[in-house]
Each structure stands twice: as C-alpha cells, then as structure tokens.
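Got your viewer open? Let's take a walk through this one together, one selection at a time.

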Amino acid sequence: MEGYRKQFRRRETLFKWRFLTFSCYQRLPLLGNPAIRDLFAESLEQAHQRCGFRLRAWVVMPEHVHMMLAPTETDWPVAAILAAIKQPVAQKVLRRWRAIGAPVLERLLDSRGAAHFWQEGGGFDRNVRDVEELGKEIGYIHFNPVKRGLAAEPAEWVWSSARWYAGDEHGVVKVDLNRSNDTGSRATDLS
C-alpha cells in the first residue's frame, strides 16, 4: 500500500545517543554516485556545526545512511537535525537531475507526481541504552561497507567515520570521540 508507513513517536532526550537509519526513496541506490555521497557528507558536517549535536559515528551507503548522534539543544530535536541534513541534499540533487532530464526522476515520483529523494517516514530510530550497545552499534555502522563488499576494511570507505576511529582525523565530517561521554548522561556528555 503506497504511502503507508508505521507511525512512531521519537523519545526526545538531550545528550543521549540515538542510532538512526534512513533510506533513499524506495531504497533506490540514489547515493551510489561518489559525488552525491560527498554532497551528503558536506551537508552532514554543515548541520553538525549549525545544530550543535554530538556525532559519534556515521556511514553513507548507496541506498541508506546510518548515524549515531546525540541532540544537545532543545531547538534541534532529531527531526529538525535530520531535516537540516537531508533537505539540502535532496534539493540540490533533484534540481540537478531535473536540469539534465535524468531518467531516474521517473522512478522517484509518488502517486501525486511529486519527486522524492528520501523515503518518507521516520526511518529507524533507537535510543542507545548503555556503553555496550553504543560500541556494538558503532561497529555495525563501520562494518556495513565491508559486509556489502564495498571495502575490504572499514577505514577504506571514505564516506564513514571509521577513518577517525583509525586515527585519520582528516575525514570530511568531524566526529566527537571523547570517550568520557559514552554513558550518555548530561554530566559526562559535555566534558
């Protein structure tokens, strides 16, 4: 049934880690082009600076994105953070595809004729309960390209925070690696 998405309410808690996943429209590999993945990474970094959330891990796959973040401002709940990241990407890519008459546009139209880059709905959103779960989910995020055969090692995939974890702090998106904040409590999260 087109348009049906499970409805859920986000449990907004400042300074708590959230594991998020969101997909391209109909899980199409719209992020398959390196230039579009670069654009996404730039948008993520700009939103990271503007919205002030803490970013622990991220990866861009051809048809979806995983992130581990913690909101730090009441003015920037997760929905607003995601909009700040996703909207610029969708607008720029769809504008470009319209300008060149890209054939993929036909596959991005809904029943009303509106083009979409991102799948509608909230995606996957989970509050991380403890340090053990945080580590497990970060490992999952970083090994996603390896599991899919896109890289032999996590740090080889340019569009991921795995490079930061490997000691290469020249990745396009800065991550917050202060290990003292892994409990997710406000007192330690901002240290």
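Here is a short tour, from the sheet to the helices, then a pocket and a loop. Keep in mind that what you have on screen is a predicted model.

**Stop 1: the sheet**

Start by showing the strands. You should find an open sheet of 4 strands, paired antiparallel and ordered 2-3-1-4. Which strands sit at the edges? Pick out strand 2 (54-60) and strand 4 (124-127), since each of these pairs on one side only. Going from one strand to the next, the twist averages 10°.

Now select residues 18-23, which are strand 1, together with residues 64-70, which are strand 3. These two run antiparallel and are joined by 6 bridges. For a spot to zoom in on, try F22: across from F22, in strand 3, stands V65.

**Stop 2: helices on the sheet**

Keep the sheet visible and add residues 78-100, which make up helix 2. Helix 2 packs on the sheet and touches strand 1, strand 3 and strand 4. Compare directions and you'll get about 45° between helix 2 and strand 1.

Next, bring in helix 3, residues 131-147. Helix 3 packs on the sheet too, with contacts to strand 1, strand 2, strand 3 and strand 4. Its direction makes about 30° with that of strand 2.

**Stop 3: helix against helix**

Two packed helices are described by the angle between their axes and the distance between the axes. Select helix 1 (residues 34-51) alongside helix 2: here the angle is about 145°, and the axes are 8 Å apart. Helix 1 passes helix 2 in a right-handed crossing.

Want to see who does the touching? From helix 1, show side chains including I36, L39, F40 and L44; from helix 2, show some of their partners in the contact, among them I81, I85, V89 and W97. Sorted by class, this contact holds 13 nonpolar, 1 polar and 2 charged residues.

**Stop 4: the largest pocket**

Rolling a probe the size of a water molecule over the atoms shows where empty space is left. Which residues lie nearest the centre of the largest pocket? Select K86, W118, Q119, E120 and G121 to find them; the lining counts 18 residues. The volume of this pocket is about 320 Å³. Helix 2 shows up again here, giving the most to the lining with 7 residues. The lining divides into 9 nonpolar, 6 polar and 3 charged residues.

**Stop 5: a loop to finish**

Last, go to the loop between strand 1 and helix 1, where you'll find Q26 and R27. Phi of Q26 is positive, near 50°, in a residue other than glycine. R27 is not a glycine either, yet its phi is positive at about 55°.

How values were computed: Residues numbered from 1 in each chain as written. Predicted model: local features only at pLDDT ≥ 70, side-chain atom pairs only at ≥ 80, totals over all residues. Heavy atoms only, no water. Pairing = 2+ DSSP bridges. Axes fitted to C-alpha atoms, helices over the stretch in contact; angles between N-to-C directions. Contact = heavy atoms within 4.5 Å. Left-handed = near helix turned anticlockwise from the far one by under 90°. Nonpolar A, V, L, I, M, F, W, Y, C, P; charged D, E, K, R; others polar. 1 Å grid on protein atoms, 1.4 Å probe; cavity = no way out; pocket = protein on both sides within 12 Å on 5 of 7 lines; lining within 4 Å. Points joined across faces, edges and corners; volume = space filled by probe spheres on them.
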